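Please open the model in your viewer, keep the sequence beside it, and follow the stops below in order, selecting each residue as it is named.

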Amino acid sequence: MVRKAAYIVALAVSITTFALSIASLVQPNWITFRTPPSSPIVLRSSYGLFQVCSSSHISWSPGKDRDEGSVTCRKFPTKSQDCSGGVTGRSAFNEAHELVFGTSGAFGIEGKRFRVGRAAADSVQAKEARRRLGQKKPASDDGDDDDDDKEVWTFCDSWITAAYATQFSLVFGAAAILANITVTLSGRQRRETGWGLVVGLMFIHAACLIVAMALVAREFNHDSRFYTGSRLDTSFIMATTAWSLDVVTVVVLGLLVITGLIREDDYLPIPDQ
């Protein structure tokens, strides 16, 4: 009964990856910012696919009392705060800093660890605003354009697409579970041919998660709101674990079919006389 055992293993993997996908979707822990233990001001911001949660606390004993205080969450991303041309999008530092001081951070433009002049600040804000809106820089007198302003794919595009891809993965994850159950409980003939459906659904589920993971990783590495102190957190890890398990299972099932090791027994059916 090697074939049925293989489907049972695939079913267990499908249930596990489906649960991991749901957890990564609902938990706001894709990217997290936290001040170092030596800091007297404890700030934390955690970004999910649908909301960002921030907390703050002033500790007079750095490294000992790390109570992060009350947590405040808001919808993320929003057009007015994260995607509009009037603002450049608030950094992880600014999200938490405002809970303590009521203003954004004093580390420069969007969490960068240096101060810049007024003209330079306006230039950076204008460039970042155009980048988020997908607009190009107005042509200068000499006709030169900044290559960075040719980008038409914005932060909010990436983040919203990642959220949709993760939701879409749940559809194929649930379908993979149902297909596994149906094929496992069916007769031998259905199990002989059902592997293609199971493998296909698990592969699409993994592909959706890979898209979401890649988009979040892209913004983590390139967007100015995520800087020193930010890291990819548990939701990102769960999504990566889910698609990795799917891919490994798909590869193993494919190899078992190709090599013939997935056969239930060694006899051949007797043809009708």
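Begin by selecting Arg 231, which is partly exposed because its relative accessible area is 40%, where buried means under 20% relative accessible area, exposed over 50%, and partly exposed in between (1.4 Å probe, protein chains only). This is a predicted model, in which local features need pLDDT of at least 70 and side-chain atom pairs count only at pLDDT 80 or more, while totals for chains, interfaces and linings use all residues. Residues are numbered from 1 along each chain as its sequence is written, and side-chain values use heavy atoms, with hydrogens and water left out.

**Around Arg 231**

Which residue does the side chain of Arg 231 meet in a salt bridge? Add Asp 233 to the selection: the two side chains meet at 3.3 Å, N to O, a salt bridge being a side-chain nitrogen of Lys or Arg within 4 Å of a carboxyl oxygen of Asp or Glu. Asp 233 counts as buried, because its relative accessibility is 6%. Elsewhere, salt bridges that share partners join Arg 74, Asp 82, Asp 223 and Arg 225 into one network. Within that network, select Arg 225 and Asp 223, whose side chains meet at 2.8 Å, N to O, and both of which are buried.

The structure holds 5 salt bridges, and another one to display links the side chains of Arg 218 and Glu 219 at 2.5 Å, N to O. Here Arg 218 counts as partly exposed because its relative accessibility is 29%, whereas Glu 219 counts as buried because its value is 0%. As general background, side chains of opposite charge can pair when their charged atoms come close.

**The strands**

Now colour the model by secondary structure, where helices (H or I, at least four residues) and strands (E, at least two) are DSSP runs, numbered from the N terminus. The protein has 8 helices and 5 strands, and along the sequence they follow the pattern α-β-β-β-β-α-α-α-α-α-α-β-α.

Select strand S1 (residues 31–34) together with strand S2 (residues 41–47), which pair in the antiparallel sense over 4 bridges; two strands pair if DSSP finds at least two bridges between them. S1 and S2 form a hairpin with 6 residues between them, and Phe 33 stands opposite Ser 45 in S2. Next add strand S5 (residues 230–232), which runs antiparallel to S1 and is joined to S1 by 3 bridges.

Thr 32, in strand S1, brings the tour back to its starting point, since Thr 32 stands opposite Arg 231 in S5.

Is Thr 32 buried or exposed? Thr 32 is buried, because its relative accessible area is 1%. The side chain of Thr 32 is also joined to that of Asp 233 by a polar contact of 2.5 Å; such a contact is a pair of N or O atoms within 3.5 Å, where, within protein, one must be able to donate a hydrogen and the other to accept it, and residues adjacent in sequence count only if both atoms are side-chain atoms.

**Helix H8**

Move on to helix H8 (residues 234–259), whose end C-alpha atoms are 37 Å apart, in agreement with the 38 Å that its 26 residues should span at 1.5 Å a residue; the expected span is 1.5 Å times one less than the number of residues. Buried residues of H8 include Phe 236, Met 238, Trp 243, Val 250 and Leu 253.

By contrast, Ile 258 in H8 is exposed, because its relative accessible area is 72%. Following H8 comes Gly 260, whose phi is positive, near 80°.

**Helices H5 to H7**

Select Ser 186 in the loop between helix H5 (155–185) and helix H6 (188–193). Ser 186 is buried, because its relative accessible area is 17%, and a polar atom of its side chain lies 2.4 Å from the backbone oxygen of Thr 182.

Finally, select Val 211 in helix H7 (residues 195–222), a residue that is partly exposed because its relative accessible area is 41%. Adding Ala 165 shows a pair that is 46 residues apart along the chain, with C-alpha atoms separated by 6.8 Å.

To end, show the whole model again: buried residues make up 44% of the 273 residues in the protein.
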